[in-house]
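My notebook is open, and I want to look up two things: empty space and charged pairs. Here is what I'm looking at.

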Amino acid sequence: MNELRLKLLVWAGLLLLGSLLALLGLRGLGELFRVAQQANTVEQALNLIEPRRAAPGRLEWLSDDPTPRPLEPFRRDEITSDYLLAHEELSHAHFTGETIGLRSYFQSGALEDALLMGQGPRGTMVDWKHRLRLHFYAPDGATVAFSDTYWYVLASGQFSTRLAERTLEVVMQLDDGNWRIHHWRLLAERPLSVRLLPVTTAGVRGVNYQPRSHPFDLFGPGYEPREVISDMRISRMLGLSTLRVFVPYPPSPGYRQRLEDFLNLAQAQQMKVIVTLLDSYTHYRFEDFPNVFAYLEELAPLLRHPAVWLIDIKNEPDRDYARAGERLVVEFLRAWSRAVRYYSSKPITVGFIEPHPDLVPEIEVLSFHHYGTPAELLRRIEGLAKYQKPLLLEEFGFHTQRNKLPDPHTELEQAHYYERVLQIARRHNLGWLAWTLYDFDRGTMPGGRAVEKHLGLLRADSTPKPVVQVLAGQPAPPLGWAERLGKWLVFWPGLLLGGAMLGLGIWLARRVRSIRRAL
């Protein structure tokens, strides 16, 4: 009986302990769920806040029309602040569908319009560069009327993108200490359209230019005009007449003055320039348009420079598809190309690895990059001919790193590669730019790729490689034994060493086995 009672007590204790553990486990799961839900709520809140970061930016008041009396500075500041907040809230309503906040900034007919806009398809709306001109200021200080001309980009969830300049007529009234938009009327809407310019790439022979002293940072603090002049003269001696350069984003201080100096030097040396914009930019956020537009406005006078032949709006954007999404990249570039076209009279291209069909109608020159075989190049040219656009082989090259495994190359192989590529280019009237002028013995290479140091037409000490003969129209020098045997010269020593190590291992294994038998 005592034994039975003991067993019952043990089982009761175990049951109680199990119930306790289960209760604690459920409570832990509940707490985990609560924390996860709270984190999700915070994330959603941050997502809702994010669109409000697409602020319209700086607002500029133009000279006022004659009014009954001048607008006090403090009133102008109040109107400026509340008007920008109204546009910010409207952008938020477009993104989220939440229209409650609109009533804080809109009233009467303007509120009805704003609610309809907020109830439309979800998307991103960003506006910037507001320029206001005051037309009327009521004697009681509670009503103003002005016109507003500004830029906006609207990208719907279906990636239907619109970029336009708009002019509104606006009436704001002071209600309970806040200025609200009561009425507005559309006066003008100017969407940016595509007007293609005539251009030919025939006879274009050039190089992607990176200075030897500070590669991949041409317009940084190390910019040296004497080095640039020397390199331009060397390029002319090699028969090259076009240089492609990269303008970074965000730009470094003083870059604009350096770019202007570079273009002036190019004009003096009778060199044409391809200016590549937004280098290093990979976000493709429409919310960034106010900033990239300001960058474009600052560059605009230089993009009209006589030395500029072609504007490349982005280098290899197809590398960013995985990170940013293919459709977003394409629609961003569609709007960006039209913005660039508005400020420049030069032809436009995109530095694609593989051109995207949806952007072909937006550009004059179809650029592509190729580092494959000459046979593959021929097939690509034949495939791109269907677009009936001038073609530009904007990047091609062949490295000369002898110890690059598993694909070592020599300078003679580079010369023969160029010979075959240039034959194809002449046959198809294809413009081209080599990558690059020099080998590099300093500087940070993109992606840490060592092969970038050995793609030059000239060595790092500026002495010419055999490929220079090909550029001069001469045949490439004959291949030697090293090139004929190719990779085998690299792999044979490894194979022999591996075979020797294997033989040594087998001999040692047999030796150990025989010693054990003897013991």
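How much space lies in the largest pocket? I looked it up: about 1,000 Å³. A pocket here is an open set of points on a 1 Å grid over the protein atoms alone, where a 1.4 Å probe fits, with protein on both sides within 12 Å along at least five of seven lines. The volume is the space filled by probe spheres set on the points.

Before going on, I noted that this is a predicted model: local features need pLDDT of at least 70, side-chain atom pairs count only at pLDDT 80 or more, and totals for chains, interfaces and linings use all residues. Residues are numbered from 1 along each chain as its sequence is written, and side-chain values use heavy atoms, leaving out hydrogens and water.

Next I checked the lining (residues with an atom within 4 Å of a point). It has 36 residues, and the closest to the pocket's centre are Glu 316, Trp 435, Pro 446, Arg 449 and Glu 452.

Then I went after salt bridges (a side-chain nitrogen of Lys or Arg within 4 Å of a carboxyl oxygen of Asp or Glu). The structure has 28 of them. Arg 449 and Glu 452 from my pocket list form one, at 2.7 Å from N to O. Are these two buried or exposed? Glu 452 is buried at 8% relative accessible area, while Arg 449 is partly exposed at 38%. Buried means under 20%, exposed over 50%, and partly exposed in between (1.4 Å probe, protein chains only).

Last entry: Asp 358 and Arg 327 also pair up, at 2.6 Å from N to O.
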